[in-house]
Amino acid sequence: MKTTVIVGGSFAGMTAALELKRKGKNEHRVILIDKSPLFLFIPSLIWVPFKRRDIKDISFRKDTILQRKGVEFVQAEALTVDTQKQLVVTDKGEFAYDHLVVATGPKVKYDIAPGVEEFAHYIGTPNGAMKTRKALEEFKKNPGPVVIGATQNAGCMGAAYEFLFNMEKWLREQNIRKKVDLHWVTPEDYLGHFGIDGMPLAESMLKGFMKMFNIHFHTQVGIGEVKEDQVILTDGTVLESRFTMLMPPFIGVDFVTHSPSLLATPNGYIPVGDDYRHRELPNVWAAGIAVDVKLPFTPAKVPFASPKTGYPSDETGKIVAENILRVSRGEQKLKEKAWGKIPGVCIMDCGKKEVIIFSNHLFKPRTIALMIPNVLYDFSKILLEKYFLWKTRRGFSYLP
Ligand SMILES: Cc1cc2nc3c(=O)[nH]c(=O)nc-3n(C[C@H](O)[C@H](O)[C@H](O)COP(=O)(O)OP(=O)(O)OC[C@H]3O[C@@H](n4cnc5c(N)ncnc54)[C@H](O)[C@@H]3O)c2cc1C
């Protein structure tokens, strides 16, 4: 029996592990290594600072379902891999493999500008979201100007937009909106670019939201420095700020960058073909954020990246599982789907309102590209959260 070791067990890695077992039955021994025993529905972290969700509402222990489906779960931190010896080294021992799947997600590059780590909040981790919640409690007692945005090189602009609109709603609920000057800062060429070169009506819709909610916006600009009470932009603009939340760029995790034999890109991502197989190491695969994705556009003024969202992370996990089985069975033809040709499926929460974003391809050219606003409530985002937690808890990895 061949052994597949998967490092990282979230959207991409958990899907790959469960699909390998579901489709391959006992063809593979599957070992999933993750430093966290929890599956966390990261998209709902944007609600934690506003007390709409607690971490326990959006997470569960993943070892039980994995073990029930025949996956061996190891709670450990993978430190390095030697791809010649086919050995993953962790803080809990070494694991030999026939196939390796890298599904480790991102590391946050806080040092993109001075002061980002010290003075700006980040909502993309449970700790960060809880610290932000605490900071908002303090802010409420003494409100003032607020800066929210994404730094240069960031790719996850959508989550920052969601936080912005949720913050605006929260300020009104707290009866302090009039005391707050709200600023949005983004490297994007235009509002609603989202790192995917926009969607029909995205720019005008977002401009409309900014006007309606009285939010000042600054596009095509980076962060020069963050101080306790100021954000200095790369064009020299100085914004006073009593509360700052920024989305910094993502890079590859230490496990990847500390493993020279993985032949990763300078940013720590895994270079793969449209079959998600390493371009030079035939028994190494990548799924989710760990995949190196080439930008299909050139930012006009300030660099920014493309988002690597949940749907393609899940899809690439499925493709990797299918292809590992095909290779093991001696098949020549592998399944291929370029990252940019995976459908774009996303729901942007705008503070108890939402915009449903759907396209047949993530990147242009697209034949279907829709942005459907729902100003009545954020039903779809809530449904998506409930559905995703339901299917993942039960290990229904084959569902979309
Ligand atoms: C605030 C926020 C909001 C978002 N909102 C949305 C949204 O609305 N819709 C959407 O589609 N996407 C959203 N995303 C993106 C979505 O969360 C990602 O696409 C998805 O999490 C990527 O899955 P992944 O499995 O590649 O990586 P991750 O989910 O980051 O998982 C990586 C896993 O690897 C493990 N790991 C890392 N290094 C090691 C190591 N050395 N050893 C062992 N384990 C390791 C980690 O513990 C983790 O479990 C959002 C992201 C953020 C930050």
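This passage describes the ligand site, the enclosed and open spaces, and two local backbone features of a predicted model.

The ligand site comes first. The ligand is surrounded by 32 residues. Ser10, Asp34, Lys308, Thr309 and Gly310 are the closest of these. By class, the shell holds 15 nonpolar, 10 polar and seven charged residues. Several elements each supply at least two residues of this shell. They are α1, β2 (28-34), α5 (157-173) and α8 (310-328). Two domains take part. Domain 1 (2-107 + 250-340) gives residues to the shell, and domain 2 (110-249) does too, so the ligand lies between them.

Three polar contacts of the ligand can be described in turn. With Lys381, an oxygen atom of the ligand is 2.8 Å from an N or O atom in the side chain. With Ala12, the partner is a polar backbone atom, and the distance to a ligand oxygen atom is 2.9 Å. With Ser313, an N or O atom of the side chain is 3.4 Å from an oxygen atom of the ligand. Taken alone, the ligand exposes 1000 Å². The protein buries 91% of that area.

Empty space within the protein was examined next. Such space is revealed by rolling a probe the size of a water molecule over the atoms. The search of the whole structure returns one cavity of 30 Å³ or more. The largest cavity contains about 80 Å³ of space. Two elements give two or more residues to its lining, namely α1 (11-24) and α9 (379-393). The largest share, four residues, comes from α1. Helix α1 is also among the elements that supply at least two residues of the ligand shell. In total, 13 residues line the largest cavity. Thr15, Asp314, Lys391, Thr392 and Ser397 lie nearest its centre. The class make-up of this lining is six nonpolar, five polar and two charged residues.

The second largest pocket is an open space. Its volume is about 330 Å³. Its lining draws two or more residues from each of α3 (116-119), α4 (126-141) and β17 (243-247). Helix α4 gives the most, with three residues. The lining of this pocket comprises 15 residues. Those nearest the centre are His121, Glu228, Ser241, Arg242 and Phe243. Divided by class, the lining has five nonpolar, four polar and six charged residues.

Two backbone features lie in loops. The peptide bond that joins Lys364 and Pro365 is cis, with omega about 0°. Pro365 sits in the loop between β21 (354-359) and β22 (369-374). Gln86 has a positive phi, near 55°, although this residue is not a glycine. The loop that holds Gln86 runs between β6 (78-82) and β7 (87-90).

Terms used:
Residues are numbered from 1 along each chain as its sequence is written. This is a predicted model: local features need pLDDT of at least 70, side-chain atom pairs count only at pLDDT 80 or more; totals for chains, interfaces and linings use all residues. Side-chain values use heavy atoms; hydrogens and water are left out. On a 1 Å grid over the protein atoms alone, a cavity is a set of points where a 1.4 Å probe fits but cannot get out, and a pocket is an open set with protein on both sides within 12 Å along at least five of seven lines; lining residues have an atom within 4 Å of a point. Grid points are joined across faces, edges and corners, and a volume is the space filled by probe spheres set on the points. Ala, Val, Leu, Ile, Met, Phe, Trp, Tyr, Cys and Pro count as nonpolar, Asp, Glu, Lys and Arg as charged, and the others, Gly among them, as polar. A residue is near a molecule or strand if one of its heavy atoms lies within 4 Å of it. A polar contact is a pair of N or O atoms within 3.5 Å; within protein, one must be able to donate a hydrogen and the other to accept it, and residues adjacent in sequence count only if both atoms are side-chain atoms. Accessible areas come from the Shrake-Rupley method with a 1.4 Å probe; for residues, only the protein chains shown count as cover. Domain bounds come from an automatic or database domain assignment.
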